[in-house]
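Trainee: I should like to learn how to read the features of a protein model. Could you guide me through them?

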Amino acid sequence: MSTLVIVESPTKARTIRNYLPAGYRVEASMGHVRDLPQSASEIPAAVKEEKWAQLGVNVDAHFEPVYVVPKDKKKIVTQLKEALKDSDQLILATDEDREGESISWHLYQLLKPKVPTKRMVFHEITSEAIKSALKNCRDIDEQLVRAQETRRILDRLVGYTLSPLLWKKIAWGLSAGRVQSVAVRVLVNRERQRRAFHEGTYWDLKSTLIPPTSTPGQPFISILVTLGGTRLATGSDFDPATGQISANRNVILLGETEALALTERLSGKTWEVKDLEERPVTRKPAPPFTTSTLQQESNRKLRLSARDTMRIAQNLYEQGYITYMRTDSVHLSDQAITAARICVEQLYGKQYLSPQPRQYTTKSKGAQEAHEAIRPAGSTFRTPQETGLSSRELQLYDLIWKRTVASQMADSRQTQITVQLQVEDAGFRSSGKRIDFPGFLRAYVEGSDDPEAALEDQEVILPNLKVGDRPECQNIEAIGHETQPPARYTEATLVKTLESEGIGRPSTYASIIGTIIDKGYAQLTNNALVPTFTAFAVTDLLEKHFPDIVDPSFTSKMEQTLDDIATGEASWLPYLQRFYLGDKGLETLVREQENQIDAIVARTVELENLDAKVRIGKFGPYIEVENGDGVVTASIPKDLTPADLDPQKVETLLRQKTVGPDQLGVHPETGEPIYVLLGPYGPYVQLGEKSEETPKPKQASLPKGVTPEKATLEMAVGLLSLPRTLGVHPVTNGKIQASLGRYGPYIVHDQGKEGKDYRSLKAGDNILTISLERALELLSEPKKGRSATNSKSKEALRELGAHPEDSEPVNIYNGPYGPYIKHGKTNVSVPEGTSVEDLTMSTALDLLASKAESTKSSRKTSKSTTSSRTKSTAKSSKTTSKKK
């Protein structure tokens with residue numbers, strides 16, 4: 001007999017197996033084994049006729065959830081039950097947070113063990129941590145389970161009650177969510193601010209000064225800050241609603257004319273240093289990572305989405321490289337502090353250690369989850385180079401390692417230097433910064449990949465000036481500035497805002513942001529989350545009819561209540577009854593409001609300073625305008641955002657629909673007109689007009705960043721001539737072409753039977769002028785990311801060997817949806833949680849055989865269905881004939 005240990009994933013199972021005594025068997029549940037029904041087909045027949053069946057929660061009987069085992073988990077549950085028969089003890093070792101506790105509880109309910117059962121928790125997978133956890137097993141925490149269940153039920157009630165209303169009133173497939181809808185409103189409000197923003201213009205002077213001959217040093221920059229003793233206006237002095245200087249601001253606003261005149265007046269005049277101030281500044285290191293700050297920093301530094309960050313961090317945790325990655329705590333254990341301080345002393349020297357060990361306290365609202373920050377696992381920290389990791393796993397581990405080590409380093413000591421200069425009645429200022437001791441900045445600079453380079457960039461060295469010095473003006477110029485609208489949210493800034501407002505929990509932000517993008521509420525453009533017209537329509541409806549659902553303070557209080565349920569300070573059932581069934585409960589509100597919501601109004605997005613109506617249609621947003629001949633509609637391009645839709649763009653879209661597109665000119669060879677148009681995927685050029693003879697005239701998208709106004713006839717002719725043949729490859733004699741695709745400009749090398757090899761062009765490359773030499777240079781570089789689409793023309797991640805049946809290679813490749821195994825024409829994904837390095841030929845053969853069997857089975861089913869239909873049809877025909 002043995003002890004059965006159940007964890008969530010095969011990777012975690014493999015790692016933990018190394019640290020358990022003999023007689024312990026570790027199996028994986030592959031995540032959740034039981035949940036509320038996800039579709040109508042999963043609803044049990046016994047409750048299918050109940051009015052609450054679609055919710056999966058019996059709201060009439062104390063909100064009792066209906067749990068089902070998903071189809072893809074039934075085999076796993078059966079295997080776990082079989083494994084339990086041979087065991088005399090069960091240990092549930094799922095993650096230590098609420099979700100992990102919930103998985104353990106569901107496993108216990110499903111398996112119904114008749115042997116002693118224990119709950120084992122740990123926040124890192126190391127030998128020491130596992131041994132300690134085995135000695136300190138406990139029972140399942142029922143309060144934690146109830147809190148998670150209440151959270152799950154609450155999310156289901158909100159989502160499954162409001163989403164059908166959005167389908168009826170706006171568009172099919174939309175969704176509402178307890179946290180998701182608030183996050184969408186945050187994005188929409190920022191876009192509203194951008195739309196209401198009015199640009200302001202101001203000017204100042206910038207001078208380049210040379211220190212006096214008695215003072216060595218390089219030329220330095222000085223900026224005009226006062227004129228006649230009055231401060232010069234800067235961007236912060238403008239009212240964003242008007243584009244004018246805010247009331248009660250005693251400042252001078254320089255226009256272009258005044259700035260140029262002042263430049264002339266000050267030329268050749270004497271400059272003098274009037275004041276010099278040196279102010280010491282101390283910077284302390286940031287605390288170690290929490291879930292939220294890791295998502296923010298990896299988005300800023302590595303351009304990783306929150307979803308990718310959590311997926312990679314999960315892999316690192318399960319392989320034993322870092323501690324548990326879902327945590328709100330910045331606390332470090334004594335063991336971790338010692339390990340970090342050893343790293344500092346060994347790598348940077350004793351002088352870089354903080355005088356005393358640093359301990360941090362958590363400040364975020366409702367902090368909960370695990371009890372330690374995210375850090376390298378173990379009592380000694382492996383340096384990134386010692387891990388053997390690669391690619392994004394290495395980058396994320398490196399980030400976590402540096403942040404943890406830096407948290408135990410000395411403060412950075414800097415000196416801020418300000419020099420005030422006077423020339424006639426104009427006051428100028430020069431600012432410098434000297435790093436006296438880099439301290440923790442030697443290891444970690446927020447937002448920078450290279451600490452040493454960042455240190456150089458941070459220093460601004462000024463000459464060693466003194467009061468009374470008279471530097472010489474080398475150059476003075478007038479500089480114009482425009483105020484900028486509020487920046488759109490990135491994933492990093494949205495996560496920071498949600499956490500600071502207490503909206504949701506950091507462990508859920510990755511999936512929430514993913515849903516916002518997947519459901520079409522926002523587009524990710526240059527790392528910014530840009531809300532769509534659909535987001536505006538949904539937010540408008542919820543604000544008018546269900547204001548609490550999108551109120552950040554209401555959602556924050558809800559989170560606090562859920563935390564109180566976890567600690568036993570609040571009761572779950574009265575809260576759910578009040579929220580859903582009360583006089584002002586959600587069910588009552590939806591019933592009352594549904595008939596008051598006009599679908600046409602709900603699908604209309606009201607935008608200030610725009611006469612045209614924007615509506616959400618079956619195929620996306622469109623403009624609707626009435627003219628003398630009736631109603632004219634025009635689709636809105638996908639890349640045209642609510643903040644950027646102005647009367648001029650409306651006019652262009654409508655003119656294109658009613659009058660026809662703008663003509664750039666005539667093709668020099670064919671004599672056909674070339675038009676520039678706005679389509680659903682952005683601006684493009686078209687050769688000739690659509691007609692019965694030419695239903696699909698040649699079209700080409702404008703390159704990224706090129707607006708219709710900037711398009712030229714020469715550019716259009718070049719784009720319409722694509723693909724360009726650049727020549728042949730010197731090795732393969734294969735044709736090399738340049739063209740423009742959905743993901744931008746690229747080159748392609750036709751390798752014949754070996755397939756085609758693609759490369760994206762880089763910044764600075766021009767699709768219309770790129771040479772064969774440059775194309776060969778790009779083709780010689782290794783592939784990155786999604787461009788590697790053809791497994792024949794890309795390098796395998798691993799070569800497992802020859803297949804025993806046909807001697808064809810069995811290799812593992814990286815695809816757009818993760819690693820996969822390829823043998824001949826059969827592809828099968830590497831199971832989630834299984835690392836490429838650990839996959840054996842035996843496992844690969846089993847997976848390939850299973851895939852082949854399922855393919856044959858589906859073909860037989862299809863053939864059988866077709867045959868039975870044919871027989872049925874024939875039988876029906878005979879019967880009909882007899883009746884006749």
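Mentor: Let us begin with a term: two residues are in contact when heavy atoms lie within 4.5 Å. Please bear in mind that this is a predicted model.

Trainee: What does the chain contain in helices and strands, and what box do its C-alpha atoms fill?

Mentor: The chain has 24 helices and 33 strands. Along the principal axes, its C-alpha atoms fill a box of roughly 105 × 85 × 75 Å. Of the 884 residues, 48% count as buried. Among contacts between residues at least 6 apart in sequence, 66% join residues at least 24 apart.

Trainee: How should one read the packing of two helices?

Mentor: Two packed helices are described by the angle between their axes and the distance between the axes. Take helix α5, residues 142-169, and helix α18, residues 572-581: their axes come within 11 Å and cross at roughly 10 degrees. Angles under 35 degrees count as roughly parallel, and α5 and α18 are therefore roughly parallel to each other.

Trainee: Which residues of α5 and α18 meet?

Mentor: From α5, the participants are Arg 146, Thr 150, Ile 153, Leu 154, Leu 157, Val 158 and Thr 161. On the α18 side they are Trp 572, Tyr 575, Leu 576, Phe 579 and Tyr 580. Sorted by class, this contact comprises nine nonpolar, two polar and one charged residues.

Trainee: How does one read a sheet, and in what order do the strands of the open sheet of four strands lie?

Mentor: Strands of a sheet pair through backbone hydrogen bonds, either parallel or antiparallel. In the open sheet of four strands, the order is β22-β23-β24-β25 and the pairing is antiparallel. Its edge strands, β22 (662-666) and β25 (699-701), each pair on one side only. On average, neighbouring strands of this sheet are turned by 30 degrees against each other, direction ignored.

Trainee: How many bridges join β24 to β25?

Mentor: Three bridges join β24, residues 682-687, to β25, and the two strands run antiparallel. Within this pairing, Tyr 684 stands opposite Ser 701 of β25.

Trainee: Where are the hairpins formed by β26, β27 and β28, and how many residues lie between their strands?

Mentor: In the hairpin of β26 and β27, six residues lie between the strands, and Asn 733 takes a positive phi near 60 degrees. Strand β26 (residues 724-728) and strand β27 (residues 735-741) run antiparallel and are joined by four bridges; Gly 727 stands opposite Ile 736 in β27. The hairpin of β27 and β28 has two residues between its strands. Here β27 pairs with β28 (residues 744-750) in the antiparallel sense over six bridges, and Gln 737 is placed opposite Val 748 in β28.

Trainee: How are aromatic pairs read, and how many are there?

Mentor: Rings of Phe, Tyr and Trp pair if their centres lie within 6.5 Å, and planes over 60 degrees apart count as edge-to-face. By this rule there are twelve aromatic pairs. Phe 289 and Tyr 444 form an edge-to-face pair, at 6.5 Å centre to centre with 80 degrees between the planes. Phe 289 lies in the loop between β12 (272-283) and α8 (291-302), and Tyr 444 in the loop between β14 (426-437) and α13 (451-458), so the pair ties together parts that are 155 residues apart in sequence.

Trainee: Are Phe 289 and Tyr 444 buried or exposed?

Mentor: Buried means under 20% relative accessible area. Phe 289 is buried, with a value of 0%, and Tyr 444 counts as buried at 3% relative accessibility. Elsewhere, ring pairs link Tyr 348, Tyr 352 and Phe 437 into a cluster.

Note on methods:
Residues are numbered from 1 along each chain as its sequence is written. This is a predicted model: local features need pLDDT of at least 70, side-chain atom pairs count only at pLDDT 80 or more; totals for chains, interfaces and linings use all residues. Side-chain values use heavy atoms; hydrogens and water are left out. Axes are lines fitted to C-alpha atoms, for helices over the stretch in contact, and angles run from 0 to 180 degrees between N-to-C directions. Angles under 35 degrees count as roughly parallel, over 145 as roughly antiparallel, 65 to 115 as roughly perpendicular and the rest as oblique. Ala, Val, Leu, Ile, Met, Phe, Trp, Tyr, Cys and Pro count as nonpolar, Asp, Glu, Lys and Arg as charged, and the others, Gly among them, as polar. Two strands pair if DSSP finds at least two bridges between them. Rings of Phe, Tyr and Trp (its six-membered ring) pair if their centres lie within 6.5 Å; planes under 30 degrees apart count as stacked, over 60 as edge-to-face and the rest as tilted. Buried means under 20% relative accessible area, exposed over 50%, partly exposed in between (1.4 Å probe, protein chains only).
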